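Subject: Handover of a structure and its description

Dear colleague,

Please find below the structure that I am passing on to you. I would be grateful if you could read the description with the sequence and the model open beside it.

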Amino acid sequence: MTTTPATTPATTSAATPAATQARTVFLLAHTGRPAAIRSAELVVQGLLRCGLRVRVLEAEAADLPLPPSVETVREATPGALEGCELLVVLGGDGTLLRGAEFARASGVPMLGVNLGRVGFLAEAERDDLDKVVDRVVTRSYEVEERMTIDVIVHSNGDIVHRDWALNEAAVQKVSPDRMLEVVLEIDGRPVTAFGCDGVVCATPTGSTAYAFSAGGPVVWPEVEALLMVPISAHALFAKPLVTSPTSVLAVEVQPHTPHGVLWCDGRRTVTLPPGARVVVRRGAVPVRLARLHHASFTDRLVAKFALPVSGWRGAPD
């Protein structure tokens, strides 16, 4: 993972309208939540008051009390973010992943505000909205690139589907009463075969998502690696595997097993017929995340999972 400054931090706590009138921020929100509607209203008001332009989707604008000066676009396409310096996303993990799809395609950095539960992709909480506006206005943030994965599905020797993920690609069974029989492969060599509920192929970012729930390790974001985590495998050797970021992972669905399903980030899905082969490698295009804090990932992990640390006295001098 590489971290590069978005711009030199501003030396003042606010920017004048004259200096910022040409700047545009795109706002994406889960308008099905009352908290998101109120939060979006506060962010929009703060940005407009400081002279920035705001752009939103038409479908979401209908649910928000917005002034006429707010721009609207019909669809969340890469072109909708043209001219925007930042994508601000308000919502839970699902909304943040929707924003990541939008951000990756355009290359615009995403700044997430968590309105859900855990929200590892978010950089701020709902109580930080004033700080978010101030940091955006003064450009007091940095941008880091998060590794993604590219996913290819083969069937009968043909490529039948291409996808990508920020968190994970999960191969899962469909029938609740039948296991999915798979063979795992790394770098063109077979590793093991077993029946299971599924297999998760994840990035370090996704190590705290589905892979974590399946018993995988927590991987710090700056570690470049790929993860392969079995789900409820009936096998003696079915441990999580951590490989090089240049490795190529593959999950083959055995020909005699019922069909499975591939989920990418829990949002996009495709059916896997018996004999299908899912190949996962490091993604060609990263997702760019705007960061407001320099806090360590360790502190973020403790806070997000409310881990008990009472009794810690610190490292000796």
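The paragraphs below describe what was found, beginning with the sheets and ending with the cysteines.

Please bear in mind throughout that this is a predicted model.

**The two open sheets**

One open sheet has 6 strands, in the order β10-β9-β20-β17-β12-β13, and its pairing is antiparallel. Its edges are formed by β10 (158-165) and β13 (189-196), each of which pairs on one side only. On average, and with direction ignored, neighbouring strands of this sheet are turned by 20 degrees against each other. Within it, β17 (residues 249-253) and β20 (residues 277-282) are paired in the antiparallel sense over 4 bridges. V251 has V278 of β20 as its bridge partner.

Another open sheet of 6 strands has the order β16-β15-β14-β11-β18-β19, with antiparallel pairing. Here the edge strands are β16 (241-243) and β19 (268-272), and each pairs on one side only. The average turn between neighbouring strands of this sheet is 15 degrees, direction ignored. Strand β11 (residues 168-173) runs antiparallel to strand β18 (residues 260-264), and 5 bridges join them. A169 has C264 of β18 as its bridge partner.

As background, strands of a sheet pair through backbone hydrogen bonds, either parallel or antiparallel.

**The hairpin of β18 and β19**

β18 is also joined to β19, again by 5 bridges and in the antiparallel sense. In this pairing the bridge partner of C264 is R268 of β19. The hairpin has 3 residues between the strands, and D265 takes a positive phi near 55 degrees.

In a regular strand the side chains alternate between the two faces of the sheet. β19 shows this alternation: R268, V270 and L272 point to one face and are buried, whereas T269 and T271 point to the other face and are not buried.

**The nonpolar cores and helix α2**

The largest nonpolar core has 31 residues, and those that touch the most other members are L27, L47, L90, L111 and V136. At least two residues of this core come from each of β2 (24-29), α2 (34-49), β3 (53-57), β5 (86-91), β6 (110-114) and α5 (129-137). A second, separate core holds 28 residues, including V182, I186, L241 and V280.

V136 illustrates the packing of the largest core. If residues up to four places away in sequence are not counted, V136 touches R23, V25, L47, L52, E85, L86, L111 and Y141.

Helix α2 has 16 residues and reaches 23 Å from its first C-alpha to its last, close to the 22 Å expected at 1.5 Å a residue. Its buried residues are A36, S39, A40, E41, V43, V44, G46 and L47. These buried residues pack against β2, β3, β5 and α5. After α2 comes G51, whose phi is positive, near 90 degrees.

**Two buried positions, T95 and G119**

T95 is placed in helix α4 (residues 93-106). T95 counts as buried because its relative accessibility is 6%, and the cut-off for burial is under 20%. Apart from its neighbours within four places in sequence, T95 is in contact with A29, H30, V89 and L90.

G119 lies in the loop between β6 and β7 (124-125). With a relative accessible area of 0%, G119 is likewise buried. Its contacts, leaving aside neighbours within four places in sequence, are D93, N114 and K304. G119 and D93 are 26 residues apart along the chain, yet their C-alpha atoms are separated by 5.5 Å.

**The cysteines**

How many disulfides does the structure hold? The number is 0. C196 is in no disulfide, and the nearest cysteine sulfur, that of C201, is 11 Å away. C196 is buried, at 0% relative accessibility.

Why does the sulfur of C201 form no bond with the closest cysteine sulfur, in C264? The two sulfur atoms are 9.9 Å apart, which is too far for a bond, because a disulfide requires them to be within 2.5 Å. C201 is buried as well, with a relative accessible area of 2%.

With kind regards

Key:
Residues numbered from 1 in each chain as written. Predicted model: local features only at pLDDT ≥ 70, side-chain atom pairs only at ≥ 80, totals over all residues. Heavy atoms only, no water. Pairing = 2+ DSSP bridges. Axes fitted to C-alpha atoms, helices over the stretch in contact; angles between N-to-C directions. Core = buried A, V, L, I, M, F, W, Y, C linked by side-chain atoms within 4.5 Å. Buried < 20%, exposed > 50% of the residue type's maximum accessible area, 1.4 Å probe, protein only. Contact = heavy atoms within 4.5 Å. Expected span 1.5 Å × (residues − 1).
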